[in-house]
Amino acid sequence: MNAQQERGNHFNDPFLQVTAAMPGCPVPEGPMFTQQQVRAEAHVRAQHGGSCFRSGRCRLPNSYLYDREIIPRMVSYLQQDGRFNNTSVWVLGERRLVTLMGCVQTQEQARAMEQAVMLVDDVMGVVNYLSVGTTAKPKYSVAPAAPKPAR
């Protein structure tokens, strides 16, 4: 794979695992971009990120600046809540939007987690890609399987 095709989290979008109680839950790939995608996305991110400040909805000059603070606070909040300890969930922050990915026990638990995330200061919205159980087709891109060690 050449440098143009190598994928990485080039924007440093915060992507963290919150809980890990459901073995077999499909692991999200996370925010992976090629260099070509980064170039295409950079302009859009500058426009979207700055429009929040220009319109008076954000106190920081770019809405992406909030994410590195929001996501760790949100992870701490969800872990201390206690209602979600039996799930496997990852979170991604992008422009004050929190994307929830992973597996929960019930649809009610998915809704409760979404509502809890909305209570975290500076969160503008939630994208809920949570699935009940571990067998449903995920609503997110799944991380490639790790190569098995040679014997």
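This briefing describes a four-stranded sheet, the helix that lies across part of it, and one buried residue of that helix. The model is predicted. Its open sheet has the strand order β1-β2-β3-β4 and mixed pairing. Helix α2 lies across β1, β2 and β3, and Asp67 belongs to this helix.

**Sheet**

- The edge strands are β1, spanning residues 15-20, and β4, spanning residues 125-132, each of which pairs on one side only.
- On average, neighbouring strands of this sheet are turned by 15° against each other, with direction ignored.
- Strands β2 (residues 88-94) and β3 (residues 97-104) run antiparallel and are joined by 7 bridges.
- Within this pairing, Leu92 has Thr99 of β3 as its bridge partner.
- In general, the strands of a sheet pair through backbone hydrogen bonds, in either a parallel or an antiparallel manner.

**Helix α2 against the sheet**

- Helix α2 comprises residues 67-81.
- The helix runs at about 5° to β1.

**Asp67**

- Asp67 has a relative accessible area of 2%, and it is therefore classed as buried, the cut-off being under 20%.
- A polar atom of the Asp67 side chain lies 2.7 Å from the backbone nitrogen of Arg95.
- Leaving aside residues up to four places away in sequence, Asp67 touches Pro14, Pro72, Gly93, Glu94, Arg95 and Arg96.
- Arg95 thus appears both among the residues that Asp67 touches and as the residue whose backbone nitrogen lies 2.7 Å from a polar atom of the Asp67 side chain.

Terms used. Residues numbered from 1 in each chain as written. Predicted model: local features only at pLDDT ≥ 70, side-chain atom pairs only at ≥ 80, totals over all residues. Heavy atoms only, no water. Pairing = 2+ DSSP bridges. Helix = DSSP H or I, 4+ residues; strand = E, 2+ residues; numbered from the N terminus. Axes fitted to C-alpha atoms, helices over the stretch in contact; angles between N-to-C directions. Contact = heavy atoms within 4.5 Å. Buried < 20%, exposed > 50% of the residue type's maximum accessible area, 1.4 Å probe, protein only. Polar contact = N/O pair within 3.5 Å; in protein donor to acceptor, adjacent residues only side chain to side chain.
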